[in-house]
Amino acid sequence: MALRSLLAKDWTLEVDTRTAGATAPQWTRIGGLTSFTETTDDNTEDDGSFDDDGWGSSVVTQRTWSIEAEGKRKRTDAQVFTPDPGQEAVRKAARVVGFAANLHVRWYRKDGSPDANEGTATVSGFTKGGGKTDLEPFNFTLNGQGPPVEIPNPATNPAGASVAESGKEVA
């Protein structure tokens, strides 16, 4: 059987929009995404010594993760302006500082791949605007707070239980 490429469009990014006092996450998809990129950045330190016969050695001493996302701003067709609720949660968090700016997020592939994580992040920028003939774009970066946690893929786990729901601590 031939190997097939994964489609980048199969990523889903969701934000927890639970109301104050609720204990279970309320996962809300961020609609309108056209680009999704998860990255890590590593800090390494030289671990070499005279004993290494001239060969270097490096140790990762810290990792950070981030997600860069962009898309088109969306709203409902209702006469009263109603924005996409996932986009709106990120937009609002981008205007807050301190711990109140933290978002509980999860991201996974819709095709059943085991790639599925959740974590806590802050929003760095929420850019919007555009030219007079453009559809309005948006982009933002989520900067991870602590490690991302692998979870069962919600696309293949209909219960969609998150680590937070199972009682394990989320970063």
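This passage describes the fold, the single helix, one buried arginine and the largest pocket of a predicted model.

The secondary structure of the chain consists of one helix and seven strands. Along the sequence these elements are arranged in the pattern β-β-β-β-α-β-β-β. The C-alpha trace spans about 75 × 50 × 40 Å along its principal axes. Of the 171 residues in the chain, 33% are buried. The chain exposes about 11100 Å², and carbon and sulfur atoms supply 49% of this area. Among contacts in the chain with a separation of 6 or more, 60% are accounted for by residues 24 or more positions apart.

Helix H1 is formed by residues 85-93. Within H1, the residues Gly-86, Gln-87, Glu-88, Ala-89, Val-90 and Ala-93 are buried. The cover over these buried residues includes strands from both sides of the helix in sequence: E1 (11-16), E2 (27-29) and E4 (58-72), together with E5 (103-109), E6 (116-128) and E7 (137-150). At the start of H1, the backbone nitrogen of Gly-86 lies within 3.1 Å of a side-chain oxygen of Asp-84.

Strand E5, which contributes to the cover of H1, also contains Arg-109. Arg-109 has a relative accessible area of 3% and is therefore classed as buried, the cut-off being under 20%. A polar contact of 2.7 Å joins the side chain of Arg-109 to the side chain of Asp-111. When residues up to four places away in sequence are not counted, Arg-109 touches Leu-6, Leu-7, Asp-10, Trp-11, Asp-115, Asn-153 and Ala-155.

Trp-11, one of the residues touched by Arg-109, is also found in the lining of the largest pocket. This pocket holds about 200 Å³ of space. Its lining comprises 13 residues, of which Lys-9, Trp-11, Leu-33, Thr-34 and Lys-110 lie nearest the centre. The elements that give two or more residues to this lining are E1 and strand E3 (33-46). Strand E3 gives the most, with four residues. By class, the lining of the largest pocket has six nonpolar, four polar and three charged residues.

Key
Residues are numbered from 1 along each chain as its sequence is written. This is a predicted model: local features need pLDDT of at least 70, side-chain atom pairs count only at pLDDT 80 or more; totals for chains, interfaces and linings use all residues. Side-chain values use heavy atoms; hydrogens and water are left out. Buried means under 20% relative accessible area, exposed over 50%, partly exposed in between (1.4 Å probe, protein chains only). Contact means heavy atoms within 4.5 Å. A polar contact is a pair of N or O atoms within 3.5 Å; within protein, one must be able to donate a hydrogen and the other to accept it, and residues adjacent in sequence count only if both atoms are side-chain atoms. On a 1 Å grid over the protein atoms alone, a cavity is a set of points where a 1.4 Å probe fits but cannot get out, and a pocket is an open set with protein on both sides within 12 Å along at least five of seven lines; lining residues have an atom within 4 Å of a point. Grid points are joined across faces, edges and corners, and a volume is the space filled by probe spheres set on the points. Ala, Val, Leu, Ile, Met, Phe, Trp, Tyr, Cys and Pro count as nonpolar, Asp, Glu, Lys and Arg as charged, and the others, Gly among them, as polar. Accessible areas come from the Shrake-Rupley method with a 1.4 Å probe; for residues, only the protein chains shown count as cover.
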